Amino acid sequence: MGNFKFKVALNYCKEYEEKSKQTLNLFNDFITPSFIATIAAFVKSHNIKRSNFTYHGDDSYLTTIGFYNEIWNEPFDLNRHKNGDSYSPLILLDDPNKTDSATSTINKCIRNKLKNDSSHVNELYEVIGELHDNVWSHGQGLGFSIAQYYPTRNIIEFAIVDCGKGFLRELNSANVPGINNHEDAIKWCIKRGNSSKKYKEEFDDGWGQWVPEDITYSSNAFAQAKIPQVSSRDENHHEGLGLAKLVDLVKNTKGNLQIISGDTILDIQNGSDEEKYCRISYPWNGVIIGCSIPTNIGYTSTSNKDFDDLLSLMTK
């Protein structure tokens with residue numbers, strides 16, 4: 001069973017806000033990648049100071065994975081000899097280089113630990129790359145990634161969390177019809193072939209109200225003109241195959257997956273075809289993804305054509 005402890009993390013977040021943003025107190029029952037990434041995104045988005053954060057336990061693991069360094073720039077002098085082997089450190093996905101580094105490190109863990117033919121795990125490599133790029137593009141500089149290998153359970157768990165728009169606001173801004181709540185939004189986003197970016201392109205002439213980031217102007221007439229959409233965020237050319245492919249991979253490997261956006265969580269356990277949706281008490285402004293893949297169970301490609309399509313998008 002998956003034990004990502006997202007709900008525990010969200011309870012801490014809820015408690016912090018109910019106490020008028022005083023101190024975020026964490027206890028020693030939470031050390032999982034998914035919990036850590038969620039707490040990190042919450043701390044960063046709420047600008048919680050180091051002096052207002054307390055962990056009641058041995059924080060050597062938090063130090064090793066770079067929790068304090070990545071959030072508050074606290075220096076540390078540790079030899080990360082297991083980095084890229086048994087874990088990928090906490091990384092803030094706020095620029096392309098760090099995003100690429102996170103992708104490379106997690107994929108290195110997968111290559112070292114998954115007991116499968118490399119031609120099959122390539123699909124997982126590509127999925128992680130796309131998910132990272134999507135967080136960098138849409139996470140407003142408040143997205144985190146982390147992974148950990150658990151030898152006693154023979155699994156790799158990775159988590160990607162951001163504080164961006166979330167699925168519902170993203171789809172509503174793209175005017176996707178029939179999306180009335182967070183559950184609708186998650187279901188739409190995990191359906192193969194769906195992409196808010198692609199949907200916008202199909203129903204937009206490409207001339208929106210965005211301007212290049214370095215442009216300045218003073219003319220009211222120019223300000224009201226339609227300007228080509230030019231933004232560094234458009235450097236991400238992926239087409240939304242990541243979540244659908246991730247769901248397939250989890251089912252094929254008998255893994256576990258949880259996706260949270262807004263007030264809804266999608267839960268897939270032990271590769272079941274059943275996709276459970278339920279409400280959560282503390283809505284999350286953004287997207288939380290936690291996944292665990294067994295290292296001792298092989299799987300086969302769901303579709304060579306799907307993989308070829310995904311690879312072609314990666315190399316655009």
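User: Y12: buried or exposed?
Analyst: Y12 is buried, at 10% relative accessibility. The cut-off for buried is under 20%. Keep in mind that this is a predicted model.

User: And F35, buried or exposed?
Analyst: F35 counts as buried, because its relative accessibility is 0%.

User: How many aromatic pairs are there in the structure?
Analyst: The structure has 9 aromatic pairs. One of them is Y12 with F35. Their ring centres are 5.8 Å apart and the planes stand at 85°, so this pair is edge-to-face.

User: Where do those two sit in the chain?
Analyst: Y12 is in helix α1, residues 6-18. F35 is in helix α2, residues 33-45. The two are 23 residues apart, and the pair links distant parts of the chain.

User: What about F53 and Y68, how are the rings set?
Analyst: The planes of F53 and Y68 are at 75° and the centres 6.3 Å apart, so that pair is edge-to-face. F53 belongs to strand β2 (residues 53-56) and Y68 to helix α4 (residues 67-72), so the pair ties together parts 15 residues apart in sequence. Both F53 and Y68 are buried.

User: Which residues form the aromatic cluster with F53?
Analyst: F53 clusters with F67, Y68 and W72.

User: Stay on β2. Which side chains point to which face?
Analyst: They alternate. F53 and Y55 point to one face and are buried. T54 and H56 point to the other face and are not buried. In a regular strand, side chains alternate between the two faces of the sheet.

User: What does β2 pair with, and is the sense parallel or antiparallel?
Analyst: β2 pairs with β1 in the parallel sense, over 4 bridges. In these bridges, L26 is partnered by Y55 of β2. N25 has T54 of β2 as its bridge partner.

User: Which residues of β1 are on the covered face?
Analyst: L24 and L26 are on the covered face of β1, residues 24-27. N25 and F27 make up the uncovered face. So the L26 and Y55 bridge joins a residue of β1's covered face to a buried residue of β2.

User: Switching topic. In what order do the strands of the 5-stranded open sheet run?
Analyst: The order is β3-β4-β5-β7-β6, with antiparallel pairing. The edge strands are β3 (87-92) and β6 (256-268), each pairing on one side only. On average, neighbouring strands of this sheet are turned by 20° against each other, direction ignored.

User: How many bridges join β3 to β4?
Analyst: There are 4 bridges between β3 and β4, residues 144-150. L92 has F144 of β4 as its bridge partner.

User: Which helix lies across β3, β4 and β5?
Analyst: That is α5, residues 96-113. Helix α5 runs at about 165° to β3.

User: At what angle do α7 and α8 pack?
Analyst: The angle between α7 and α8 is about 80°, and their axes are 8 Å apart. That makes the two helices roughly perpendicular.

User: Which residues make the contact?
Analyst: On α7, F167, L168 and L171. On α8, H182, A185, I186, W188 and C189. By type, the contact residues are 7 nonpolar, 1 polar and no charged.

User: Which residues of α7 are buried?
Analyst: In α7, residues 166-173, the buried ones are G166, F167, L168, E170 and L171. After α7 comes N175, which has a positive phi, near 60°.

User: How far apart are H182 and R279 in space?
Analyst: They are 9.4 Å apart, C-alpha to C-alpha, and 97 residues apart in sequence. R279 is in strand β7, residues 276-294. With 47% relative accessible area, R279 is partly exposed.

User: What is R279 in contact with, leaving aside its neighbours within four places in sequence?
Analyst: R279 is in contact with E183, D263 and T264.

User: Last one, the whole protein. How many helices and strands?
Analyst: The protein has 12 helices and 7 strands. Of its 316 residues, 50% are buried. Among contacts between residues at least 6 apart in sequence, 66% join residues at least 24 apart.

Definitions and conventions. Residues numbered from 1 in each chain as written. Predicted model: local features only at pLDDT ≥ 70, side-chain atom pairs only at ≥ 80, totals over all residues. Heavy atoms only, no water. Buried < 20%, exposed > 50% of the residue type's maximum accessible area, 1.4 Å probe, protein only. Pairing = 2+ DSSP bridges. Axes fitted to C-alpha atoms, helices over the stretch in contact; angles between N-to-C directions. Contact = heavy atoms within 4.5 Å. Parallel < 35°, antiparallel > 145°, perpendicular 65-115°, else oblique. Nonpolar A, V, L, I, M, F, W, Y, C, P; charged D, E, K, R; others polar. Phe/Tyr/Trp six-rings, centres within 6.5 Å; stacked < 30°, edge-to-face > 60°.
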